[in-house]
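User: I'd like to go through the labels on this model and see what each one rests on. Can we start with one residue and then zoom out?

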Amino acid sequence: MKTLTLETTAPFQGLAELVAHNEGLFEKEGLSIKWADRERGVDKRPQLDATDVTGKGINRYASHGRLLEEGKADLYNACEWGNYCRVESTKVGSRQIGRRSIVTFAALVVRGDSPVQTPQQFANRQIGVPFFFGTHYLTLQMLEGFIPREMIKLGRVPNGSPYRFKLLMDGEIEATTLTEPYISLAEKKGCRLIISAFHHGTEVASDRVDAETYSAFNRAVREAVRRISANKRAYLHYFIDYYKDKDPEIAKLTTDDLRESRIYVVDPAPIPVDELQRTYEWMKSWGFLDETPSPLDLINPVVQQQGYAKSQSAPVQ
């Protein structure tokens, strides 16, 4: 049995992987999964004076990817945009090897007493986002269709919805981005969702993850996707269980407070070439990528294609 060390993941970004682990699907594929805590030692203080929307001067490995860069993990998943940036600056030759299974739902949220009712009203109003994480980039993509780029104002706040939600409710920030279950909690507390969207993430691997290993990993994840899709309600508790011991507000939620429509999983797959190119060009247009001459430099095409193709055999049962 091959041991694979994964950086820890929350349900909003890794539900299928958590289900595959808890229900023994990885073991059936010959994989022993160990988890490395990527959050240990991470600075969770807000830095609202960090306002460059591209995160210039900020560590791209503040959480995701740090342990892989240190040789303490083999694989991690994070938002696709952030992984473009991390792979560009990797010191250990890490590469993206495909899209993760969950398509994350996120929202830009204000308190109920906010004067903001529409995306247009965010012009020149600071929004707290976690730089180099999915909702950082999603905020730019959601707003640039409503207001000029130069009127989008951001400030750095911690990764992790619990921290951003508290900053919002304490009045330290006017608006922020959240993922589940904190979107549902925010709604119960009278907050408003101004704009929301789904976004993709990808998996990044070290050279210890070859095509055979990735195909076994994907077969387990595909079976988890099948189980979740067949009965989403049975898996909503993951979103509460992950946070409830640290947050009594989440502990009060029930699965009836969560919307199944916000939980969307698909089979892991390669990044489509046309989407890879468009995302690369968008990242370049904002100044996120400085040193990558081609988007193909950001992926491992052999592991991505073969790992996906070989995973199409009958799933574990």
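Analyst: Sure. The side chain of Thr202 makes a polar contact with the side chain of Gln96, at 2.7 Å. Before you ask: this is a predicted model, where local features need pLDDT of at least 70, side-chain atom pairs count only at pLDDT 80 or more, and totals for chains, interfaces and linings use all residues. Residues are numbered from 1 along each chain as its sequence is written, and side-chain values use heavy atoms, with hydrogens and water left out.

User: What makes the pair Thr202 and Gln96 a polar contact?

Analyst: The term needs a pair of N or O atoms within 3.5 Å; within protein, one must be able to donate a hydrogen and the other to accept it, and residues adjacent in sequence count only if both atoms are side-chain atoms. The pair sits at 2.7 Å, so the distance meets the cut-off of 3.5 Å.

User: Why is Thr202 called buried?

Analyst: Buried means under 20% relative accessible area (1.4 Å probe, protein chains only). Thr202 has 0%, so the label fits. Its touching residues include Tyr76, Cys79, Arg99 and Ile271, leaving aside those up to four places away in sequence; a contact is heavy atoms within 4.5 Å.

User: And how do you know that the chain is as compact as a globular protein of that length?

Analyst: The radius of gyration, taken over C-alpha atoms, is set against 2.2 Å times the number of residues to the power 0.38. For 317 residues that rule gives 20 Å, and the chain has 19 Å, which is close, so the description holds. Buried residues make up 56% of the chain.

How values were computed
Buried < 20%, exposed > 50% of the residue type's maximum accessible area, 1.4 Å probe, protein only.
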